[in-house]
Amino acid sequence: MSDGNSTGHSNYARSQPAPVPPDADDGVRPCPWCNSGNTHHTLRGYVGGSNDRDQYLTCNQCRRITYEIVSRTPRDMRLGHFQVGDIWRDHARQTKYVITRILKAGASETLLYLRPVVRVDSEAV
Ligand SMILES: [Zn+2]
């Protein structure tokens, strides 16, 4: 007779979700606008030498750029009155985003985390 050892899984209380590192590169990201996998993911440059302060997805199919993280100065922040949940517009490309997170990256830089607002209804442009 075997011992009746408890084999139940211990449930860890997950009070906080695991933080997602901003530079997590998990391969191909589909374009949110046309669903194409033919995209190029440009990460923020953390080390000197890279000029990219924003993180974005470039689509080779529809040629759109999807911003994921944009860098803003304290002056931009004061003028923009950005808040989580607000709409951030890319006027140049006629795209809209929801600000999902605001992270102060330093004394002179604040990062806006963006999620594209994709219209599901067919828009007549
Ligand atoms: Zn696309």
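## The sheet

Six strands make up an open sheet, ordered E1-E2-E3-E6-E5-E4, with antiparallel pairing. The edges belong to strand E1 (39-42) and strand E4 (87-90). Each has a single partner strand, so one side of each lacks a neighbour in the sheet. On average, neighbouring strands are turned by 30° against each other, direction ignored. The model is predicted.

Strands of a sheet pair through backbone hydrogen bonds, and the pairing can be parallel or antiparallel.

## Chain layout

The protein chain holds 1 helix and 6 strands. Read from the N terminus, the elements run β-β-β-α-β-β-β.

The chain has 125 residues, and 12% of them are buried. Take the contacts between residues at least 6 apart in sequence: 35% of these join residues at least 24 apart.

## Strand pairs

E2 covers residues 55-59 and E3 covers residues 65-72. These two strands run antiparallel and are joined by 4 bridges. Which residue of E3 is the bridge partner of Thr58? The partner is Ile65.

E3 is also joined to strand E6, residues 109-116. Here too the strands run antiparallel, with 4 bridges between them. Arg72 stands opposite Thr110 in E6.

## The E5-E6 hairpin

Strand E5 spans residues 95-106. How many bridges pair E5 with E6? There are 8, in the antiparallel sense. One pairing sets Ile99 against its bridge partner Leu114 in E6. E5 and E6 form a hairpin, and 2 residues lie between the strands.

In a regular strand, side chains alternate between the two faces of the sheet.

## Arg29, ahead of the first strand

Arg29 sits in the segment before E1. Why does Arg29 count as partly exposed? Arg29 has 15 C-beta neighbours inside 10 Å. A buried residue needs 20 or more, and an exposed one has 12 or fewer, so a count in between is classed as partly exposed.

Which residues does Arg29 touch, leaving aside those up to four places away in sequence? They are Thr39, His41 and Leu57. Thr39 and His41 fall within the range 39-42 of edge strand E1, and Leu57 falls within residues 55-59 of E2. Thr58 offers a further reference point: Arg29 and Thr58 are 29 residues apart in sequence, with their C-alpha atoms 9.9 Å apart in space.

Terms used. Residues are numbered from 1 along each chain as its sequence is written. This is a predicted model: local features need pLDDT of at least 70, side-chain atom pairs count only at pLDDT 80 or more; totals for chains, interfaces and linings use all residues. Two strands pair if DSSP finds at least two bridges between them. Axes are lines fitted to C-alpha atoms, for helices over the stretch in contact, and angles run from 0 to 180 degrees between N-to-C directions. Two residues are in contact if their C-beta atoms, placed from the backbone, lie within 7 Å.
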